[in-house]
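User: Please take a close look at one helix pair in this protein and tell me how the two helices pack. Some context on the whole chain would help as well.

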Amino acid sequence: MIIAIGHEANGIDVDQVIDGEGLTCLPGLMDCHVHLTMDGNPDPFRDMSGDSEADGSFLAVRNARKQLDAGVTSVRNLGSQYNIDIALRNAIEKGMIEGPCVIASGKPIVMTGGHAHNMAIEADGVDEVRKAARTQLKAGADLLKLMATGGIITPGVDPGATQLDEDELRCACSEASKAGKMTAAHAQGREGIKNAIRAGITTVEHGIYLDEELIGMMLESGTYLVPTLSAPFNIAENGLDGDIPQHAIEKTKIVMDDHKNSFIQAYMAGVKIAAGTDAGTPFNFHGKFPKELELMVGYGMGELDALRSATVIAAEAMSLLDKTGSVEVGKTADLLLVEGNPLENISDVRNVAYVFKEGKCVTAKREKSPYKV
């Protein structure tokens with residue numbers, strides 16, 4: 001826990017002093033959209049189809065460590081087969097392994113044959129969705145992940161097409177609310193986004209086809225946008241040369257400009273934006289969180305707002321603001337120290353010197369560090 005800041009710390013006995021010359025202290029970063037059981041391979045759904053529960057678990061442990069080393073002290077995992085992320089969260093909380101705080105959804109809820117169906121619970125109609133929602137809450141999910149539209153890396157589905165209907169989404173949101181839990185909707189197409197907002201979703205993931213009406217609805221309802229700009233960027237950057245499936249490349253070409261423009265419009269209008277990478281999708285590797293912030297700034301977001309999207313706003317979206325997301329007395333000492341000043345150059349978040357999770361130094365990269373980790 002943070003017990004004092006600045007002059008308040010004078011006279012307090014400490015066990016270790018860090019030379020902070022040239023460093024900037026930030027709250028630990030927070031990635032609101034990851035898939036710890038996916039590894040950034042060119043065709044993750046193909047690879048996942050052959051993975052056992054143990055395979056996915058080993059990947060999740062390794063990828064969680066990569067996140068921590070990059071200064072990401074909290075993640076929201078939005079979909080994993082076998083509910084592996086729920087087990088991972090529990091193992092980290094028990095101190096069995098080291099990793100970030102994991103807010104876990106477990107299996108997503110999708111329509112039959114819907115986006116990411118190979119790691120999901122397939123449900124059709126309100127009654128089946130209610131059963132699926134209650135099943136995930138029973139399993140220990142922190143939130144429910146729902147597929148409101150098609151997606152890019154699932155073959156045979158259109159990103160703009162609606163999938164779970166508004167009444168199905170509303171039913172799941174109601175079940176989550178009764179349990180004091182949050183919801184997240186994979187929502188790329190316009191009608192699917194509208195369905196999700198009207199249903200009471202906490203966060204819209206991706207939000208590729210936003211417009212003035214949808215942005216107004218998000219502002220009125222307080223819905224967060226998690227844009228995941230890294231996901232299409234990395235597919236476009238690597239393409240066929242990277243062995244990414246043709247269907248994913250073609251769909252990315254169609255949505256790229258609209259995705260960028262939707263992010264810009266939402267930001268300019270004042271929509272609450274929480275940073276998330278969709279890490280685990282093609283060439284979207286864990287531990288590369290700074291790229292998302294660089295893309296945000298490159299598209300017109302200010303450095304301070306980009307950092308807020310990865311700290312205090314992300315903490316709000318994850319319902320963790322009472323514990324972390326800012327450097328304040330009484331909050332958990334999740335801290336990142338970097339060389340340089342990200343307020344002047346956002347890429348300085350890459351220059352990790354120290355990472356602290358709950359007051360413990362878990363990563364030390366500076367020469368002559370007093371810590372051995």
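Analyst: A contact here means heavy atoms within 4.5 Å. In this predicted model, residues 24 or more positions apart account for 69% of the contacts with a separation of 6 or more. The protein holds twelve helices and 13 strands, and the pair chosen here is helix 8, residues 230–238, with helix 9, residues 246–269.

The geometry comes first. The axes of helix 8 and helix 9 lie 9 Å apart and make an angle of about 130°. Angles over 145 degrees would count as roughly antiparallel and those of 65 to 115 as roughly perpendicular, so helix 8 is oblique to helix 9. The crossing of helix 8 past helix 9 is left-handed.

Next, the residues that meet. Helix 8 contributes Pro232, Phe233, Ile235 and Ala236. From helix 9, the partners are Ala248, Ile249, Thr252, Met256 and His259. By type, the contact between helix 8 and helix 9 has seven nonpolar residues, two polar ones and no charged ones.

As for the whole protein, 57% of its 373 residues are buried. The C-alpha trace spans about 60 × 45 × 40 Å along the principal axes. The radius of gyration is 20 Å, which agrees with the value near 21 Å for a compact globule of 373 residues.

In short, helix 8 and helix 9 pack obliquely, through a contact without charged residues.

How values were computed:
Residues numbered from 1 in each chain as written. Predicted model: local features only at pLDDT ≥ 70, side-chain atom pairs only at ≥ 80, totals over all residues. Heavy atoms only, no water. Axes fitted to C-alpha atoms, helices over the stretch in contact; angles between N-to-C directions. Helix = DSSP H or I, 4+ residues; strand = E, 2+ residues; numbered from the N terminus. Parallel < 35°, antiparallel > 145°, perpendicular 65-115°, else oblique. Left-handed = near helix turned anticlockwise from the far one by under 90°. Nonpolar A, V, L, I, M, F, W, Y, C, P; charged D, E, K, R; others polar. Rg over C-alpha atoms; globule rule 2.2 N^0.38 Å. Buried < 20%, exposed > 50% of the residue type's maximum accessible area, 1.4 Å probe, protein only.
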